[in-house]
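Student: Could you take me through one part of this model closely, and set it in the context of the chain as a whole? I would like a connected account that I can follow on the structure.

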Amino acid sequence: MQQLILLVIALPFISAIVTQLFCSRLGKRAATVSVMSLWLTFILACITLWLAISDPTVQEYSLLFSWGVIRFDSLGTLMCLVISAISLIVHVYSVRYMVEEPGYGRFFTLLDLMTGSLMLMVVAGDLITLVIAWHLVGILLYFLLGHDARSRPAYRYAFWTWITYRFGDLPLILAAVLLYQAFGSWSLSYIFERIAADPHMLTVFDFSLVEVVGSLIALAAFARSAQFLLHTWLPYTMSGPTPVSALMHAGIVNAGGFLINRFAPVYVETSGVLHWVLVVGLVTAVLGSLLMLTQNDIKKALGYSTMGQMGFMIMECGVGAFSLAIYHLIAHGLFKGTMFLSAGGVIGKARQDDGIPKDALYNFVIAKRPARNRKPWLLMAVMTLAIPAVVIFLAHWLVAQDFIHKQGAIILLFFGWITGAQLLFVTYRMRTKNFTRLFALMITSFVIVVLGYTFISHAFDLFLYPDQVFAARLYAAAGIDVFWFDAIVIIITLTIIANWLRTYYGTRKGYYVERVYKPLWLAFYALLSREFYIIELYTSLVRRLDRLATRLNVLLRWV
Amino acid sequence: MQSTSLLLAAFFLPLFPMSIVFNFVFQRASSAWIRVPVLLVWPLPGLWLLESDSSQIGDTLVLWALLTSILYSFRTVVVKELSVWTGFIATSAWSLLWTAVYLGARFDDLMMHAFAFSLPLALLAILVARLERQYESAYAGVVTGLAQEQPRMTGLFVVVMLAVIGSPLFPSFFSLLSNINNVVMVMPSIAFAIVLVWLLWSWSGIRLLHELVVGDPAVIQYEDISQSMAMLFILSFFLLVAGGLYMSEVML
């Protein structure tokens, strides 16, 4: 039965061939073939996931030669289901959305090929298949983004995506050949076995092989998941068709998180790589979210939101919470896909009527009229800090009592704590008739979200990494010296407490943003509004390279 | 004698500045009937000359070959004349063959490496010659909006371009992968240089494609490539992919 995975991958490719061959004859009905095959793929993907849940044994099927191996495992089957579900939604949406566009059949061919390549990527059982699928996704995305061959902006930004993806392909290729040279096989299973047996057997350039390979794979993941300095393509690729944006933001961009998970047996043996992954992810999460807040274009704001979310996903890998990253990418994929697909409709409706009810939320967010002097500020500050901390702590304690020993889990708790505190602070400042009711509702919803998140992520952990020793070692690989960690935790905790108290006190006194910081704040806002001048920097670099190449050509008379 | 054969090899597996001769000859040949044989045959004498004694090739020569490859791939970034671009990419690709010879590759494998690059370039030369016949010059930016005007030709152009710049399943992809694989542990710097060349090809190739394919079509419209010709090209793509798969089995 596990061989069904082969059919799951083959179906989109077969559909692409049929759609392309018969699109002139079928006309608009070409889309029906594509959608039907995706329905079938989705159903088969559900069955294969069920099979993986009932029997999680890894199985491999060799298709062609020494490579072309398909791997049946929990991660691959789960990702297949996610890809087929998102792709199916995008297909169904495109049937009507793209009907007026030229190249209707070609669009569905490309969508099918993209779906097939993504699935091949997640079930690749050897390095060559993985590299090929990884590479194909970049190529197909370029042509999907540039579907409208009349639109120069679409192609310009598709080119940015292309070159960033190519930049990311090459470290993966280097990692693949290093692993092959070290172990004499392209098979992932064999390589992982050998690494587990003796992880520090080999060195490259005087570094441990696993550290070098881990760094190269992380670099490939950064490019694919739009991490800071490799992110510029993501918010600007909005000139492509909306369904492609949805597929890209909901599925393709998440590949970085998948790749790091796929190479978990490598990362578990590293000692320093995951710290860099954490730093890059953290910087991306913070800057992506800040940039999102400064956008006035809904699609660009969604683009930067994706960047922030990808940063958070990579950061989760950086703290050793690998399965949480997979849960995050699935949840993000579903909600971001929905947002993209409905963005056009929202913009259209908003042009006629903004439809925003003039309620408490409106007063707070749009009219910026926060309430003042509502409740005793000190009591509220203590509640704001205490309630989220207790809820998060208890929720995690319910699923795993030993979470306190995992440094990565503690780091993530801080994010939950700050988010919860922010939620309660917003409640405190909102104008409402019944404050107690609103406050209770906020706490209830927070408890539901935290419990849901904790239980689901725990289920993912058990499914993807059933070996709890391995999962604990992943956290340990991301850990640092206990003394320094405890010191950092204490400092951050005190900083958070002090700042929340100060914020509440300042709000009570009516100087939420102090005058002293205003010029500094404005300068920072200006920097944000220019997106840190990174695009200008790259443009200038490319122009200089172009000038140099032209000079060389003129000097050598173009021969 | 040895230095003479090396010098001759440097003409056929072009090393700068001898590469100027190949590019001069290639650009003067305006017909596809000349360009295609030139692209297919030019590197072979070089391989024959070097195959007899690969020990002649020292580190300096390999470094020179890599610099030539990087130089020509970098120069392609701003080239818009398709025939010039083809010549530059051929120079860049063939100079990479020096590393394969240096690592002691068998003659059969060397031939495969050479054809892996030459065959897609030969297909490109045929398409370029057709464009030159129609537009009098195949200059990206002057020829524009090809996708609107000649969709069949554009499709072929896209696939050929992907084959040239080393995209998966085409022989050039496996050739580059095999080169990197063979050299990464022995001389990692060479592997990084090949990776850089690969990136530059991708950059310039897609940039050129963008200029040529995107936009509104020209005022004077030309006939698209015939269906039978397109079928021949598609057949050759299948053969290229089959060749690529064979290469992957033999070399990886």
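**A hairpin and a surface patch**

Tutor: In this predicted model, the centres of domain 1 of chain A and domain 3 of chain A, taken over C-alpha atoms, are separated by 40 Å. These belong to a division of chain A into domain 1 (1-125), domain 2 (151-355), domain 3 (358-512) and domain 4 (515-559).

The part to look at closely is the hairpin that strand 1 of chain A and strand 2 of chain A form, with six residues between them. Within the turn, Gly68(A) has a positive phi of about 80°. The two strands, strand 1 (residues 59-62) and its partner strand 2, run antiparallel and are joined by four bridges; in one pairing, Tyr61(A) has Ile70(A) of strand 2 as its bridge partner. Ile70(A) and Phe72(A) point one way from strand 2 (residues 69-72), while Val69(A) and Arg71(A) point the other way, and all of these residues are buried.

For a contrasting setting, turn to the surface, where Val390(A), Phe393(A), Leu394(A), Trp397(A), Leu398(A), Ile404(A) and Phe455(A) make a nonpolar patch of about 670 Å². Helix 17 (residues 377-399) of chain A contributes the largest share of that patch, five residues, and Val390(A) has its place in this helix. Val390(A) counts as partly exposed because its relative accessible area is 47%, a value that lies between the 20% limit for buried and the 50% limit for exposed.

Key: Residues numbered from 1 in each chain as written. Chains lettered and ligands numbered in written order. Predicted model: local features only at pLDDT ≥ 70, side-chain atom pairs only at ≥ 80, totals over all residues. Heavy atoms only, no water. Domains from an automatic or database assignment. Buried < 20%, exposed > 50% of the residue type's maximum accessible area, 1.4 Å probe, protein only. Pairing = 2+ DSSP bridges. Patch = residues over 30% accessible without salt bridge, like charges linked within 9 Å, V, L, I, M, F, W, Y side chains within 5 Å. Areas by Shrake-Rupley, 256 points an atom, 1.4 Å probe, with all protein chains shown as cover. Salt bridge = Lys/Arg side-chain N within 4 Å of Asp/Glu carboxyl O.
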